[in-house]
Amino acid sequence: MKFQDLQRINGRYAEALKQAAAEVIDSGWYLLGERVAKFERELSAYLGAPYVVACGSGLDALRLILRGYLEMGKIAEGDEVIVPANTYVATVLAITDNRLVPRFAEPSLLTYNLDTEKIEPLITPRTKVILPVHLYGQCCWDVRLTELSRQYDLLVVEDAAQACGAEAACEGLFGGRKAGALGHAAGISFYPSKNLGALGDGGAVATHDKPLAEVVRALANYGSDRRYYNKYRGYNSRLDELQAAFLSVRLAYLDEDNRRRRTLAEVYDRSITAPEVVKPYVQTGGLPIYHQYVVRSPRREELVAALASLEIPTLIHYPVPPHKQACYAAYHALSLPLTERLAEEVLSLPISPVMTEAEVLFVAQALNDFWK
Ligand SMILES: *Cc1c(COP(=O)(O)O)cnc(C)c1O
């Protein structure tokens, strides 16, 4: 059993992917072409976000959004961004790379997402952005977030890297419920192991803000909105035609893949019976996509070893929270006990659209047997 068998996942569409590659090779056009434009339209329609700009990675998508707001004068260097402490480090890199200041909020011990009740005490006159992360594929959204955004005039930038296809339990700022279309702008990742994965790096900015989309598009292309004329000191961060063609193939199957993941998650939910294991909690009315199926146990290290002895692969998302990383020494003294506890207890079990129910049952049984 592999934790995530990308060969089998993409192997299901091998013919269509090879055909797409052949078309791009034969076209002689590899960047800034019609396949990227087509994929952007498809993703925009799928998400219900009117503007989509493809870029080089999920991290770049978040960096470009924040840099775009800086260029537009909506935020300024040194402004504060409220971010969940319990996230992948890339979320925070996008903030500090733009010389903005992360203010870490503790998670809910139910959803592991940012606890929206803990946002308000962190708000200062310099707070300009809330950056919720839809961790493990479950939307971080509720009416409280909408209220806070309106009351304090805060931009909401979603880190939707793990949540392509997930739906929130209530409407976002613009009426829709899909991750990526809930806040003012969202960063999406097509890293190969994400639910909508490319065969290399890729990302996209989705937004309801047309001026932002235009600035982001220029920033991702050296800061140029017209060839050889540079408005901004930009980057080179583009999705290439090959990846766009692959992603159009995979997007057509995303809902089916996500349904399959939910079915397997239900099998885990039903068959893991050891009371010592905390299973994922799903917000009523929401539709998660189980990018990861994460359980929790204080005896995690022993559990990992027991499962490994049966050749069951597991991973930890994530063993070291951003504020404890070597690159963020200035934040080491912060005390974020819930985040630190999760880093010690969470364990991701294998889940993917190509796993069988028998494999899931085998993992669940192994987990139950550990406590016998
Ligand atoms: C994967 C991921 C990113 C970064 O995406 P890349 O495409 O790898 O740059 C950012 N945030 C979260 C939560 C992620 O899981």
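Guide: A crossing of two helices is called right-handed if the near helix is turned clockwise from the far one by less than a right angle, and left-handed if anticlockwise. Keep that in mind as we look at this predicted model.

Visitor: How many helices and strands are there in the chain?
Guide: The C-alpha trace spans about 70 × 55 × 40 Å along its principal axes. The secondary structure within the chain comes to twelve helices and eleven strands.

Visitor: What radius of gyration does the chain have, and what does the globule rule give for 372 residues?
Guide: The two values are close, so the chain is as compact as a globular protein of that length. The radius of gyration is 20 Å, and the rule gives 21 Å.

Visitor: What is the order of the strands in the open sheet?
Guide: The sheet has seven strands, and their pairing is mixed. From one strand to the next, the twist averages 25°. The order is β1-β7-β6-β5-β4-β2-β3.

Visitor: Which strands stand at the edges of the sheet?
Guide: Look for strands with a single partner. One side of such a strand is left without a neighbour in the sheet, because it pairs on the other side alone. The two are β1 (51-55) and β3 (101-105).

Visitor: Which residue of β3 is the bridge partner of Val-81?
Guide: Strand β2 covers residues 80-84 and runs parallel to β3. Five bridges join the pair. The partner of Val-81 is Pro-102.

Visitor: Which residue of β5 stands opposite Ile-130?
Guide: Start from β2, which is joined to β4 by three bridges in parallel. There, Ile-82 stands opposite Ile-130 in β4. Next, β4 pairs with β5 over two bridges, again in the parallel sense. On the β5 side, Ile-130 faces Val-156.

Visitor: At what angle does helix α3 run to β1?
Guide: Helix α3 takes in residues 34-47. This helix lies across β1, β6 (185-189) and β7 (203-207). Its angle to β1 is about 130°.

Visitor: Are α4 and α7 roughly parallel or roughly perpendicular to each other?
Guide: Helix α4 (residues 58-71) and helix α7 (residues 210-219) have axes 9 Å apart and pack at about 110°. Angles of 65 to 115 degrees count as roughly perpendicular. The two helices are therefore roughly perpendicular.

Visitor: Is the crossing of α4 and α7 left-handed or right-handed?
Guide: Residues in the contact include Leu-64 and Tyr-69 of α4, and Leu-212 and Val-215 of α7. The contact residues divide into seven nonpolar, one polar and two charged. By the definition we began with, a clockwise turn of the near helix sets the hand. The crossing of α4 and α7 is right-handed.

Note on methods: Residues numbered from 1 in each chain as written. Predicted model: local features only at pLDDT ≥ 70, side-chain atom pairs only at ≥ 80, totals over all residues. Heavy atoms only, no water. Pairing = 2+ DSSP bridges. Helix = DSSP H or I, 4+ residues; strand = E, 2+ residues; numbered from the N terminus. Axes fitted to C-alpha atoms, helices over the stretch in contact; angles between N-to-C directions. Contact = heavy atoms within 4.5 Å. Parallel < 35°, antiparallel > 145°, perpendicular 65-115°, else oblique. Nonpolar A, V, L, I, M, F, W, Y, C, P; charged D, E, K, R; others polar. Rg over C-alpha atoms; globule rule 2.2 N^0.38 Å.
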